[in-house]
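Work through the exercises below with the sequence and the model side by side. Each task is followed by a solution in steps.

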Amino acid sequence: MKTSKTSETYKSLKSDLLNGHFAPGAQMRIDAISKSLDVSVGAVREALSRLTSDGIVQNVPQKGFVVAPVSPDDLKDLTSVRIDIENRCLDLAIRKGDLAWEGRILSSYHRLSKTKLETDRKQHTYNPDWTAVHDEFHDSLIAACGSRWLLKLRDIMYIQAERYRRMAAPYVVERRNVDAEHKAIMEATLDRNSTLARKLLARHLETTAEIVLKCGFLVGDPVDQQLQKRGRPRVEDRQAR
Ligand SMILES: [Zn+2]
């Protein structure tokens, strides 16, 4: 099996999962995915195993690979642990970061502030370019933390939170000045004011979680029904892509 095929399959499935093309709890049918992506069953299996390590997919006995479920309690737990880890990384980065670290933060913030958040304001469709520079901005803040394990844990939780954020996008009605939030976090970080930077980062992450919880799509109607109401393709249709 070619490693590049597995890698491409992994990236493609990860992007689809993060963008909600497969509903939480849905079965990831290896044969169907292999046909729709025109890759071998082995490449799909390997990609799904990697996605299991990322925590986006679960390997359930007797059932096979399923999309990791989502719930309000999971999001609250995730946010609380994520704040602890992100803030620990940020505190270490503020202590250890050098000029190159400062430069990376400045340049990624500059690009973020110049990139449009949404491609369609009415549909609340996130601009993929904004998502990429947003990832880069948050990565840059903690890049100098110096702990491989903390960064690994942080990445796992970042992906999970990103999944909730993107799933909630079509339901978000609340407006926030996210650019002002990022600017304040950047300034406190570059001032080496760890207490303030950590407080602002925690508030930033809590606000995102609060907005996702307020959307209400995690309770009541199953996610797929909500997606159908908004004219999104059904799970089966999406799986058959
Ligand atoms: Zn952010």
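**Exercise 1. The whole chain**

Among contacts in the protein between residues at least 6 apart in sequence, what percentage join residues at least 24 apart?

Solution. The model is predicted: local features need pLDDT of at least 70, side-chain atom pairs count only at pLDDT 80 or more, and totals for chains, interfaces and linings use all residues. Residues are numbered from 1 along each chain as its sequence is written. Two residues are in contact if their C-beta atoms, placed from the backbone, lie within 7 Å. Of the contacts between residues at least 6 apart in sequence, 75% join residues at least 24 apart. Next, take the elements: the protein has 11 helices and four strands (DSSP runs numbered from the N terminus, H or I of at least four residues for helices, E of at least two for strands). Last, 28% of the 241 residues count as buried. Buried means 20 or more other C-beta atoms within 10 Å of a residue's own, exposed means 12 or fewer, and partly exposed lies in between, with C-beta atoms placed from the backbone.

**Exercise 2. The cores**

Find the largest nonpolar core and the helices that supply it.

Solution. A nonpolar core is a set of buried Ala, Val, Leu, Ile, Met, Phe, Trp, Tyr and Cys residues joined through C-beta atoms within 7 Å. The largest one has 30 residues, and L90, A93 and A197 have the most contacts inside it. At least two residues of this core come from each of α4 (72–96), α5 (99–113), α6 (128–142), α7 (148–168), α8 (178–190) and α9 (194–215). Now follow L90: leaving aside neighbours within four places in sequence, L90 touches L141, I142, T189, A197, R198 and L201 by the contact criterion. Another core, of 16 residues, lies apart from the largest one and includes A23, V44, L51 and F65.

**Exercise 3. Helix α6**

Compare the span of α6 with the expected value, then list its buried residues.

Solution. The expected span of a helix is 1.5 Å times one less than its number of residues. For the 15 residues of α6 that is 21 Å, and the helix reaches 22 Å from its first C-alpha to its last, close to expectation. Its buried residues are H134, F137, H138, S140, L141 and I142. Their cover includes α4, α5, α7 and α8.

Why does H134 count as buried? H134 has 21 other C-beta atoms within 10 Å, so it is classed as buried. H134 and T115 are 19 residues apart in sequence, and their C-alpha atoms are 9.4 Å apart.

**Exercise 4. Hairpin and positive phi**

Describe how β1 and β2 pair, then locate residues with positive phi.

Solution. Two strands pair if DSSP finds at least two bridges between them. β1 (residues 57–60) and β2 (residues 64–67) run antiparallel and are joined by four bridges. N59 has F65 in β2 as its bridge partner. Three residues separate the strands of this hairpin, and Q62 in the turn has a positive phi of about 70°.

D38, not a glycine, has a positive phi of about 55°, and sits in the loop between α2 (30–37) and α3 (41–54). D38 counts as exposed because it has 8 C-beta neighbours inside 10 Å.

R192, also not a glycine, has a positive phi of about 60° and is found in the loop between α8 and α9. R192 is exposed because 12 other C-beta atoms lie within 10 Å.
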